[in-house]
Amino acid sequence: MLKADFTRYVLRFHSPVGTSRGVLTDKPSWIIHLYDPEQKDITGTGECSLIPYLSPDQTDNYTETLAAVSLDPEYFLISDCRALEAFPSIRTGLEMAFADYSNGGNGIYFPSGFIHQSYGIAINGLIWMGTKADMIRQVRKKIGEGYKCIKLKIGALDFSEELKLLKAIRREFGTDITELRVDANGAFSPLLAMEKIKQLSDYDLHSIEQPIKPGQWEAMSSLCQQSPVPIAVDEELFVHRLSEEDRIRLLDLVRPHYIVLKTSMLGGFDATNKWIELARERSIGFWITSALESNIGLNALAQYTCSINHPVVHGLGTGSLFSNNFTSHLYVENGFLRYRSFKA
């Protein structure tokens, strides 16, 4: 019978990162090692990644749940096991470890052209909240590095200042140079959201993520029907625990233009596949986004993203944020995430 060990690892940001929900200087992950006690030549590795104040995991008995999983990980992986419903990050890390183990334990989660270095994944350059001058500096740096899509976090500065920021960016970089996405993380009130989105539409945005807080489906539906800027829902998918019937009702009622899929928040790759199936049935667009995983989780996410064959710009550019990240096969070149063999 397989066993598992868990090690807590605190990732430190090079510099504090700002969102509409506060500033982060570090974040925890638990690294899982899956093995057969009788034959330890293969080890499957995964990551359970938590973001303070955002991850939907139940945290009161998180470590106790990890201890239970370590004794019989195969039981917790079976499809009808509901023991990890309140712990989507643990379920994700467990699926990663089993995928790695089943492929020989060499960090190969989803074999594809990506790991054979014949395929790159287009990713956005992520701009964190800061002063206007700092954010413009970040944009210039990302575009100089070859990114064709830039994603900006908004909602923490004065809104008039954010409009000035977008105006300055568009004055310098037109739609022929960069695609702009913005993420409000639910910062707008339902009463003011449409007026703010109309003002944002002056800057040729690709989309806006989660303009209002999740759980307000009627209000979000109205926004999606009337918005001049395509709307993507993000936290809407995971802040409240949704049954399969809830997921269907959400997409049918809200009818977002896009859904943003954070596997660690949704409960693993199987759960993400279900969202993709529902989205494709309704002609709803989607992309995969990392949830501040270390390079271990990011490697698994990148391989998974390639395996679903959905060539849009994804949000997998967070590997360089940490000062103490793990060694990685991943690197970014001209806005594409690629895989490099250490033997090459």
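**Figure 1. Y53 and Q210, two loop residues with positive phi.** Y53 is located in the loop that joins β3 (39-49) to α1 (62-71); helices (H or I, at least four residues) and strands (E, at least two) are DSSP runs, numbered from the N terminus. The model is predicted: local features need pLDDT of at least 70, side-chain atom pairs count only at pLDDT 80 or more, and totals for chains, interfaces and linings use all residues. Residues are numbered from 1 along each chain as its sequence is written, and side-chain values use heavy atoms, with hydrogens and water left out. Y53 is not a glycine, yet its phi is positive, near 70°. Most residues other than glycine have a negative phi. Y53 counts as exposed because its relative accessibility is 72% (buried means under 20% relative accessible area, exposed over 50%, partly exposed in between; 1.4 Å probe, protein chains only). Q210, likewise not a glycine, has a positive phi of about 35°. Q210 lies in the loop between β8 and α7 (217-226) and, at 0% relative accessibility, counts as buried.

**Figure 2. The surroundings of S207 in strand β8.** Strand β8 comprises residues 205-209. With a relative accessibility of 0%, S207 is buried. Its side chain makes a polar contact of 2.9 Å with the side chain of H206; a polar contact is a pair of N or O atoms within 3.5 Å, where within protein one must be able to donate a hydrogen and the other to accept it, and residues adjacent in sequence count only if both atoms are side-chain atoms. Residues up to four places away in sequence being set aside, S207 touches L180, R181, V182, V229, P230, Y258 and W287 (contact means heavy atoms within 4.5 Å).

**Figure 3. Aromatic pairs and an aromatic cluster.** The whole structure holds 11 aromatic pairs; rings of Phe, Tyr and Trp (its six-membered ring) pair if their centres lie within 6.5 Å, and planes under 30 degrees apart count as stacked, over 60 as edge-to-face and the rest as tilted. The Y75 and F76 pair is edge-to-face because the ring planes stand at 80°, with the centres 5.2 Å apart. Y75 is partly exposed, at 43% relative accessible area, whereas F76 is buried, at 10% relative accessibility. F110 and Y304 also form an edge-to-face pair, 5.5 Å centre to centre with 65° between the planes. This pair links distant parts of the chain, 194 residues apart: F110 is in the loop between α3 (88-102) and β4 (121-122), and Y304 is in helix α11 (residues 295-307). Y304 is buried, at 2% relative accessibility. One aromatic cluster is formed by W30, Y62 and F87.

**Figure 4. Charged side chains over aromatic rings.** K196 lies over the face of F159, 5.0 Å from the ring centre. The charged end of R340 is placed over the ring of Y331, at 3.9 Å from its centre. A charge sits over a ring if NZ of Lys or CZ of Arg is within 6 Å of the ring centre and within 35 degrees of the ring normal.

**Figure 5. The largest nonpolar core and another core apart from it.** A nonpolar core is a set of buried Ala, Val, Leu, Ile, Met, Phe, Trp, Tyr and Cys residues joined through side-chain atoms within 4.5 Å. The largest has 87 residues, of which L152 and I259 touch the most other members. Helix α11 gives the most to this core, with seven residues. Beyond its neighbours within four places in sequence, I259 is in contact with V233, L237, L251, W275, A279, I284, G285, F286 and W287. Another core, of 20 residues, lies apart from the largest and includes A4, F6, L50 and V69.
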